[in-house]
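Hi,

Here is the structure I promised to pass on. Have a look at it first, and my notes on what turned up are underneath.

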Amino acid sequence: MDAEPTGTLPLRSEQNIVASRQKVRSLCQQLKLSLVDQTKMITAASELSRNTLIHGKGGEMRWQFVERNGRQGLQLSFEDEGPGIPDLALALTDGWTSGSGMGLGLPGSKRLVNDFVVDSAPGRGTRVSITKWK
Ligand SMILES: Nc1ncnc2c1ncn2[C@@H]1O[C@H](COP(=O)(O)OP(=O)(O)OP(=O)(O)O)[C@@H](O)[C@H]1O
Ligand SMILES: [Mg+2]
């Protein structure tokens, strides 16, 4: 178990993705999320970490436990300094991909979590923050 309230992991290799997935699982367990919510958060995190690696050319995942109105949550932030997302509405459309993916990672992740915020601009990089509330 990890007593740290916040931390950062690199997302620069497939091995990093595996490690981040394990970290998210452990954080979800620490928060005592239901098994269904754990699976949702882990699935969303997998998609977003893969986007950071593939589309963002690598970056990092920041995590922190958060509290709002007496409610506990887990917030994950996927950050890169890659090319950015020129058209966010398009990127959030089911089935739209700039590459050879399924185009379901971003819109699917949005549906799996409670809060979903994308901050991105061409040339500046991308940050996607998600929160799951207990
Ligand atoms: N971190 C990022 N940096 C730059 N572009 C991104 C990033 N994340 C997503 N995108 C853009 O948004 C599009 C949609 O992302 P999404 O995850 O939904 O689909 P995908 O990664 O192409 O396919 P899938 O995730 O289904 O395998 C991507 O094709 C890419 O153009
Ligand atoms: Mg994707």
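Let's start at the ligand: an oxygen atom of ligand 1 is 3.2 Å from a polar backbone atom of Met102. That makes it a polar contact (a pair of N or O atoms within 3.5 Å; within protein, one must be able to donate a hydrogen and the other to accept it, and residues adjacent in sequence count only if both atoms are side-chain atoms). Before the rest, the small print: this is a predicted model, where local features need pLDDT of at least 70 and side-chain atom pairs count only at pLDDT 80 or more, while totals for chains, interfaces and linings use all residues. Residues are numbered from 1 along each chain as its sequence is written, chains are lettered from A and ligands numbered from 1 in the order in which they are written, and side-chain values use heavy atoms, with hydrogens and water left out.

Two further residues reach oxygen atoms of the ligand. Leu106 does so with a backbone N or O atom, 2.9 Å from an oxygen of ligand 1, and Glu47 with a polar side-chain atom at 3.3 Å. The protein covers 89% of the 590 Å² of accessible area that ligand 1 has on its own (Shrake-Rupley method, 1.4 Å probe; for residues, only the protein chains shown count as cover).

Around ligand 1 there are 19 residues, the closest being Asn51, His55, Thr97, Ser98 and Gly103; to be included, a residue needs a heavy atom within 4 Å of the ligand. By type, that shell holds seven nonpolar, ten polar and two charged residues (Ala, Val, Leu, Ile, Met, Phe, Trp, Tyr, Cys and Pro count as nonpolar, Asp, Glu, Lys and Arg as charged, and the others, Gly among them, as polar). Helices α2 (35-54) and α4 (105-112) each supply at least two of the shell residues, and α4 gives the most, with three. Helices here are DSSP runs of H or I with at least four residues, strands are runs of E with at least two, and both are numbered from the N terminus.

Next, a couple of loop residues with odd backbones. Most residues other than glycine have a negative phi. Lys57, in the loop between α2 and β2 (59-68), has a positive phi near 65°. Asn69, in the loop between β2 and β3 (71-80), is also not a glycine and has a positive phi of about 50°. Are they buried or exposed? Lys57 is exposed at 63% relative accessibility, and Asn69 is exposed at 79% (exposed means over 50% relative accessible area, buried under 20%, partly exposed in between; 1.4 Å probe, protein chains only).

Ser120, in strand β4 (residues 115-121), counts as buried because its relative accessibility is 18%. What does its side chain contact? A polar atom of the Ser120 side chain lies 2.7 Å from the backbone nitrogen of Ile85, and the Ser120 side chain also makes a polar contact with the side chain of Thr126 at 2.9 Å.

Finally, back to helix α2, where Ile54 is found. Ile54 is partly exposed, at 48% relative accessibility, and its C-alpha atom is 9.5 Å from that of Ser13, 41 residues away along the chain.

Cheers
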